[in-house]
Amino acid sequence: MNDAIVASNLRKRFISYERIGFIRRRKIIVEALRGVSFRVRWSEVYGLLGPNGAGKTTTVKILATLLIPDDGYAAIDGHDVVKEASMVRRIIGLVLYR
Ligand SMILES: Nc1ncnc2c1ncn2[C@@H]1O[C@H](COP(=O)(O)OP(=O)(O)O)[C@@H](O)[C@H]1O
Ligand SMILES: [Mg+2]
């Protein structure tokens, strides 16, 4: 049987901009995920715990096909969240608060 969730070496960077004056902005690269790996078996309840900014929401959004990882692999019931996104969307349910 496939694992319910597999995450393997997920990486994600965001580019954001910081104001440094009235008009000027400085580009900042935020490394949100630096190689996240875990797996969840069927019937397991799995919690992602961490302080604000740890990357929990980014991880969940990748698993739910709402974000594409820069690197790594993730699958739901064996379906690749990037290459088989439409299949993944058919088998998951998601409520996001933050
Ligand atoms: N769309 C975005 N643009 C820029 N930075 C982002 C974006 N989404 C998340 N981040 C940054 O990525 C890091 C991880 O954020 P997040 O996954 O929301 O953490 P958590 O849910 O654990 O609080 C934080 O530094 C956050 O500011
Ligand atoms: Mg969050």
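In the predicted model, four strands are arranged as an open sheet in the order E2-E1-E3-E4, with antiparallel pairing. Strands E2 and E4 occupy the edges, each with a single partner strand, so one side of each is left without a neighbour in the sheet. Strands of a sheet pair through backbone hydrogen bonds, in either the parallel or the antiparallel sense.

Strand E1, which spans residues 5-19, runs antiparallel to E2 and is joined to E2 by 13 bridges. Within this pairing, Val6 of the model is set opposite Arg39 in E2, and Arg13 faces Glu31 in E2. The two strands E1 and E2 constitute a hairpin with five residues between them. In the turn of this hairpin, Gly21 adopts a positive phi of about 130 degrees.

Strand E1 also pairs with E3 (residues 71-76), again in the antiparallel sense, over five bridges. Here Ala7 stands opposite Ala74 in E3, while the bridge partner of Ser8 in E3 is Tyr73. The pairing of E3 with E4 (residues 79-80) is likewise antiparallel and comprises two bridges. Ala75 is located opposite Asp80 in E4, and Ile76 is located opposite His79 in E4. E3 and E4 form a hairpin with two residues between the strands, in which Asp77 has a positive phi near 50 degrees.

Contacts involving aromatic rings were examined next. The count of aromatic pairs comes to one. The pair consists of Phe38 and Tyr46, whose ring centres are 5.0 Å apart and whose planes meet at 15 degrees; because planes under 30 degrees apart count as stacked, the pair is assigned to that class. The two partners fall into separate accessibility classes. Phe38 has a relative accessible area of 11% and is therefore buried, the limit for this class being under 20%. Tyr46, at 41% relative accessibility, counts as partly exposed because this value lies between the 20% and 50% limits. A further ring contact involves a charged side chain: Arg25 lies over the face of Tyr17, at 4.6 Å from the ring centre.

The largest pocket of the model encloses about 450 Å³ of space. Its lining is made up of 20 residues, and those nearest the centre of the pocket are Ile5, Leu63, Ile76, Ile92 and Gly93. Strand E2 (25-40) and helix H1 (56-63) are the elements that give two or more residues to this lining. By class, the lining of the largest pocket comprises 15 nonpolar, two polar and three charged residues. Two of the residues nearest the centre also appear in the strand description: Ile5 lies in the range of E1, residues 5-19, and Ile76 is the residue opposite His79 in E4.

The second largest pocket has a volume of about 340 Å³. It is lined by 13 residues, with Lys56, Thr57, Thr58, Leu96 and Arg98 nearest its centre. The lining of the second largest pocket divides into six nonpolar, five polar and two charged residues.

Two of the residues nearest the centre of the second largest pocket, Lys56 and Arg98, are 42 residues apart in sequence, yet their C-alpha atoms are 9.5 Å apart in space. Arg98 belongs to the segment after helix H2 (85-91). With a relative accessible area of 75%, Arg98 is classed as exposed, because the threshold for this class is over 50%.

Note on methods
Residues numbered from 1 in each chain as written. Chains lettered and ligands numbered in written order. Predicted model: local features only at pLDDT ≥ 70, side-chain atom pairs only at ≥ 80, totals over all residues. Heavy atoms only, no water. 1 Å grid on protein atoms, 1.4 Å probe; cavity = no way out; pocket = protein on both sides within 12 Å on 5 of 7 lines; lining within 4 Å. Points joined across faces, edges and corners; volume = space filled by probe spheres on them. Nonpolar A, V, L, I, M, F, W, Y, C, P; charged D, E, K, R; others polar. Pairing = 2+ DSSP bridges. Phe/Tyr/Trp six-rings, centres within 6.5 Å; stacked < 30°, edge-to-face > 60°. Buried < 20%, exposed > 50% of the residue type's maximum accessible area, 1.4 Å probe, protein only. Lys NZ or Arg CZ within 6 Å of the ring centre and 35° of its normal.
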